[in-house]
Amino acid sequence: MAKKNKVAVLIKEFADDMYKKILKKKSPKIKTPLRALSNVKYDIKEGYFELLGKEKERALTTSTVKSFAQTLRLLGLSKEIVEKDDMATKREAYYVSKNWGEAKFNEQPESDTIMDDVEAMMKVNREQMGFIPEEKGGDIAGKLVVIDVDPDTGKEIKIDCTKFGSGAYSVPTSVEHLKFETKAKFVLAIETAGMFQRLVKHNYWKKANCILISMGGVPTRACRRFIRKLSDEKKLPVYVFTDGDPYGWMNIYRTLKVGSGNSAHINEFFCVPKAKFFGITAQDIVDYKLPTHPLKDVDIKRIKDAIKNDPFVHHHKEWAKCLNQLVKMKVRAEQQALAKHGLNFVISDYLPNKLKNAKTWLP
Amino acid sequence: MAEQTKLTETKTKKRRSNAEEMAKKQREISVAEFFEKNRHLLGFDNKRKALLTTIKEAVDNSLDACEEAGILPEINVEIIDLSGKQDAQSEKFRIIIEDNGPGIIKQQVPKIFAKLLYGSKFHSMKQSRGQQGIGISAAALYGQLTTGKPVRIISKTSANKPAHYYELHINTTNNKPEIVKEDIKEWKKDHGTKVEIDMEGSYQKGGQSVDEYLIETAVVNPHVTITYTNPKAEQRIFPRATDQLPIEPKEIKPHPYGVELGILIKMLKTTSAKTLQQFFTTEFSRVGPSVAKEICEKASIVPKAKPTQIDRAHAEKLFNAIKEVKIMNPPTNCLSPIGAELLEKGLKKEINAEFYCSASRPPSVYRGNPFIMEAAIAYGGELPGDKQVTIMRFANRVPLLYQQSACSTTKSIAQTNWRSYGLSQSQNSIPVGPVAIVIHMASVWVPFTSEAKEALAHYPEMIKELKLALQECGRKLGSYVNKKKRVGAELKKRSYIDKYIPHVADALKELLSLKDGEKEKIETQLRDMLEEKRGEVEDLKFDPTKNTEYDEEMAKIKKIVEEEHEEKENGKEE
C-alpha cells in the first residue's frame with residue numbers, strides 16, 4: 001500500500017510541476033527516454049542493455065500534441081487506479097481511453113507505447129502503476145515448488161510443479177511476491193509449446209533433474225522475471241532452446257538474456273544475463289544434418305540488421321559468426337526438425353550431448 | 001496487272017472532255033461567289049455563329065471608326081425577332097447596330113457595305129480590329145442570301161450635312177454593289193452610322209453568344225458604352241468606365257523583315273522613289289541611308305539604280321540581302337496595348353476572385369510585324385477549382401470566342417508548366433484549377449488561322465512571348481498559391497493542436513483536483529503560448545466584398561448564360 005501511494009505521489013509531483021510551468025507561461029514538455037536499440041549500450045559487467053541518454057520530447061507541436069495529452073491522461077488513469085488499489089489490464093486501459101474524445105487511442109499498440117513511455121519516464125514498473133498485461137507468463141513443469149499467497153486468506157500455498165501430470169503450472173502476470181524451492185540442476189527455457197509438450201510427456205525433467213519452461217515465442221515480462229528470479233535466487237544455470245533462425249536467436253534469446261531496445265528501461269529487472277544458448281545453432285544444422293527451410297527475406301533483413309546495429313552481436317563475435325554462417329547457408333531449421341532422427345532423438349541424444357559439451361553453446 | 005493496262009487504255013481512248021470544251025467552262029470566280037459557297041471561312045458556318053459574326057463585324061468597325069476619329073464610342077446593338085414568336089426556335093432576325101462614329105461619306109457607303117474585300121485597313125500598318133475589309137459586307141451578303149432583303153444603312157458625317165440612306169444588294173457575279181434604294185433622311189444624330197441587316201440566325205445565350213461577346217468587349221474596352229437589346233426585348237447597358245480613349249496607334253511603314261518577295265516586286269514597280277536607296281528609306285520603316293546602302297551592297301546592285309527597272313532576279317537578290325542586314329525592330333507606337341493594369345481591372349469586373357495578377361510584355365516582332373502580348377490571371381474565390389481553367393482570348397481588343405483549341409494562345413498555355421505554380425496539369429494540356437486567364441495580343445496585323453478571325457496562327461515568336469507573359473503571371477500566382485498553402489497548413493496545425501488543449505487541461509484538473517476556473521486558466525495560458533510561439537498568420541480567406549471593381553450584375557448575366565448553356569448541353573445528352 002505504501003509503495004502504491006509512492007507512485008501516486010510521484011505522478012502528482014510531475015503534474016504539479018507542469019501546472020506551475022504553464023502558469024508561468026513556460027511551454028510544458030514531457031521527456032521520455034528513447035526506447036530503441038540506437039539508445040542502448042550493452043553493459044558487459046551487468047550483462048544487459050542499458051539506456052543511453054537520448055530522450056524524446058512531447059509538447060504542444062502538431063506531431064506530438066496528441067501523445068502529450070494522452071500521456072497526461074494515462075498518468076491520470078494510473079493515479080486513479082493506484083489510489084483505489086485497483087488495477088487495469090492494458091486492454092482495459094485502452095478501452096478507458098475511449099472516453100477521452102479526440103485524445104482516445106485508436107488501437108491498443110498506441111496505448112501500449114504510451115504506457116511503456118510513462119513507465120520509462122517515471123522509472124516505475126507498469127505493474128506498480130496499476131497496469132497489468134493480458135498475456136499469461138509461460139508454462140512450468142519439473143522440479144520446482146512455487147510458493148504463492150492465497151488471495152483470500154493471505155496464507156502461503158505451495159505449488160509443486162512436478163504434480164501437473166501432462167499439464168503445466170502457469171506463471172502469473174505478477175511474479176514479484178513468489179518464492180521458490182528447488183533441487184533442480186538447471187532451467188531449460190523452450191521456444192515452442194510443441195517441444196515443451198514432448199519433453200513433459202516423456203518426463204525429461206525427471207531424467208535430467210531440471211525445470212522446463214515453455215516461453216511460447218518471445219517471453220513475456222512475467223516469464224522473464226520469473227526466470228530471472230530462479231536464476232538469481234536459486235543460482236540455477238538457464239539454458240535456452242529455440243528454433244535455428246534469427247527470430248529464435250535475436251527476438252527470443254537475446255531479449256531474454258539482455259533485454260530489448262524497446263523495453264530497455266526495465267531490462268535491469270527483466271533480463272537473465274546468465275542465460276546460455278543451447279541451440280539450435282547454425283553449426284547444429286550442419287552437425288545434425290537437419291532438414292531446413294529457405295531463409296525468408298525478413299529473416300535475411302533481420303540478420304543484417306542485427307549484425308549492423310545490435311550491440312549484443314557486436315560484443316559477442318560468436319553470434320556474429322553464427323548469423324553470418326546462416327546467411328551463407330540461406331536456410332533455417334526448427335526445433336522439431338530433430339524428429340528426423342526419431343521422435344525422441346531430442347531427449348536421447350540432442351539435449352544430453354548439449355549438456356555434456358559446453359563448446360556447442362553460444363553465449 | 002493486265003486489267004490495269006486495260007483500264008488505262010480505255011481511259012486514253014475515251015477522253016471525257018478536251019481542252020477546248022474545258023475552256024468554255026473556265027471563267028473568273030468573284031469573291032462574292034466564292035463566299036457564297038464558303039461562308040464558313042468567314043464565320044457564317046451556322047445560324048448561331050452567323051448572328052454573332054454579324055454583330056461582331058459591325059461593332060468592330062464602329063469601334064475602329066470612333067477611335068480613329070477620337071470619339072468616345074457609344075454603340076447600340078439590337079436584335080429583333082422577326083418571326084413574332086418569342087422563343088429560341090426563331091429563325092429570322094433583324095440586327096441593328098448604331099454608332100456615334102464619324103460617319104461615312106456618301107460615295108463610299110455602297111462599296112463598304114456591298115463589296116467584299118474593300119476597306120482601308122488591309123494596306124495599313126496600324127493596329128485595328130478589322131483587317132481585311134470583308135466582314136461587314138460578308139454579313140450583308142449573308143443576310144441577302146438567307147432573306148433576300150438588302151442591307152440598310154444610314155450615315156451622317158456632321159450636324160450640318162444630311163443623312164444618307166441606302167438599301168444595297170451585292171451582285172455576286174461581279175462583286176459590285178447594287179443600289180436598291182437611295183434617299184436623304186432626317187436623323188437626329190450629329191454624326192454616326194446605323195446598319196440594319198435581316199438574316200437567318202439563331203439566338204442562344206451561353207458561351208460563344210452575342211451576350212458573351214458584348215460583355216467581353218465592354219470589359220477590354222472600358223472607354224465604350226454599349227446598349228444591348230436582345231430578341232426577348234431585354235435591354236442592358238454597359239456604361240463606360242473611363243473617358244480616356246486608348247492611345248491612338250500610329251500607322252507605320254512595313255518593316256523590311258516582314259516583306260515577301262512578291263510584295264517587294266510590286267512595291268518596286270509602284271514606288272515614286274527615284275533611286276533604290278531612296279526607295280528603301282521612304283517605303284520602309286527603320287531603314288536609314290546607311291542601311292539602305294548596305295542592302296544594295298549585299299545584293300551587288302548600285303544604290304542609284306532605278307527601282308522600276310529592277311527585274312525579278314535582282315529583286316530576289318535584294319530580298320535575300322534584307323535578311324542578312326541587321327535592321328532595328330519596327331517602331332511600336334503603332335500598337336495600343338490594353339495595359340496590364342486595365343486588363344486586370346477588366347478581369348476584376350467580371351470575376352470575383354481572391355487574387356489577380358497581370359503582365360505586359362515589351363513589343364516584339366514576327367515577320368516584321370510588331371506585336372505585344374499581355375496576360376492577366378484571376379485565382380480562387382468564386383472560380384470552380386475542379387475544372388479546366390477559363391481562357392479569355394482577345395486580339396486587338398476583340399474577344400475571340402470560337403476555335404479555342406486551334407489557337408496558338410491555347411498552345412502557349414498548354415506548354416507552360418503550371419504545376420510549378422501550384423495548379424494541376426497533365427503533360428501539355430490546359431491546367432486544372434480555380435483560374436481564369438486573359439490573353440491579349442495587340443499587333444498591326446493579327447495572324448488569324450482563317451478569315452473568320454477566331455484563332456491565332458502558330459508563329460513561334462508569338463508563342464514564346466505569350467509564354468513569357470504567362471510565366472511572369474505564373475510566378476506571382478505561384479507565390480500566392482504557396483503562401484496560401486502555407487497559411488492553410490499552419491492554420492490546420494494550429495486548430496489540430498488547439499483541439500487537444502482542453503484534454504491537457506482536463507488531465508491536469510483530474511491529476512491535481514483543480515477547480516474549473518484553474519482549468520480554464522490552463523487553457524487560456526496554453527492558447528496564448530501557442531499564439532506567441534507560432535506567430536501571426538495572414539488572413540487569406542476569400543472575402544467576396546473585397547473586390548470593389550466586381551460588377552455583380554454583369555457577372556450574373558454571364559453566369560446565367562453559362563448555366564443555361566450547360567443545361568442545354570445536358571439536355572442534349574439525354
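Student: Where in chain B is Tyr421(B) found?

Tutor: Tyr421(B) is in the loop that joins α13 (408–415) to β14 (435–443) of chain B; helices (H or I, at least four residues) and strands (E, at least two) are DSSP runs numbered from the N terminus. The model is predicted, so local features need pLDDT of at least 70 and side-chain atom pairs pLDDT 80 or more, while totals for chains, interfaces and linings use all residues. Residues are numbered from 1 along each chain as its sequence is written, chains are lettered from A and ligands numbered from 1 in the order written, and side-chain values use heavy atoms without hydrogens or water.

Student: Is Tyr421(B) buried or exposed?

Tutor: Tyr421(B) is buried, because its relative accessible area is 11% (buried is under 20%, exposed over 50%, partly exposed in between; 1.4 Å probe, protein chains only).

Student: Which residues does Tyr421(B) touch?

Tutor: Leaving aside residues up to four places away in sequence, Tyr421(B) touches Thr416(B), Gln471(B), Gly474(B), Arg475(B), Leu477(B), Gly478(B) and Val481(B) (contact means heavy atoms within 4.5 Å). The C-alpha atoms of Tyr421(B) and Cys473(B) are separated by 9.4 Å, with their positions 52 residues apart along the chain.

Student: Another loop, then. Where does Thr545(B) lie?

Tutor: Thr545(B) lies between α15 (516–534) and α16 (552–573) of chain B, in the connecting loop. Thr545(B) counts as exposed because its relative accessibility is 63%. Its C-alpha is 8.8 Å from that of Asn352(B), although the two residues are 193 apart in sequence.

Student: And what about the place of Leu41(B)?

Tutor: Leu41(B) is in the loop between α3 (31–37) and α4 (47–69) of chain B. With a relative accessibility of 32%, Leu41(B) counts as partly exposed.

Student: Changing topic: how many salt bridges does the structure hold?

Tutor: Over all chains there are 53 salt bridges (a side-chain nitrogen of Lys or Arg within 4 Å of a carboxyl oxygen of Asp or Glu). One of them joins the side chains of Glu181(A) and Lys158(A), at 3.2 Å from N to O. This pair links distant parts of the chain, 23 residues apart: Glu181(A) is in strand β11 (residues 179–181) and Lys158(A) in strand β9 (residues 156–160) of chain A. Glu181(A) is partly exposed at 34% relative accessible area, and Lys158(A) counts as exposed at 56%.

Student: Which side chain does Glu196(B) meet in a salt bridge?

Tutor: Glu196(B) meets the side chain of Arg94(B), at 3.7 Å from N to O. Glu196(B) is in strand β6 (residues 192–200) and Arg94(B) in strand β2 (residues 92–99) of chain B, so the pair ties together parts that are 102 residues apart in sequence. Glu196(B) counts as buried at 18% relative accessibility, whereas Arg94(B) is partly exposed at 25%.

Student: What separates Glu523(B) and Lys519(B) in helix α15?

Tutor: About one helical turn separates Glu523(B) and Lys519(B), because they are four residues apart in helix α15 of chain B. Their side chains form a salt bridge of 3.7 Å, N to O. Glu523(B) counts as buried at 14% relative accessibility, and Lys519(B) counts as buried at 18%.

Student: Lastly, which residues are linked in a network of salt bridges?

Tutor: A network of salt bridges links Arg35(A), Lys56(A), Arg58(A), Asp116(A), Asp117(A), Glu119(A), Arg126(A), Glu127(A) and Arg221(A).
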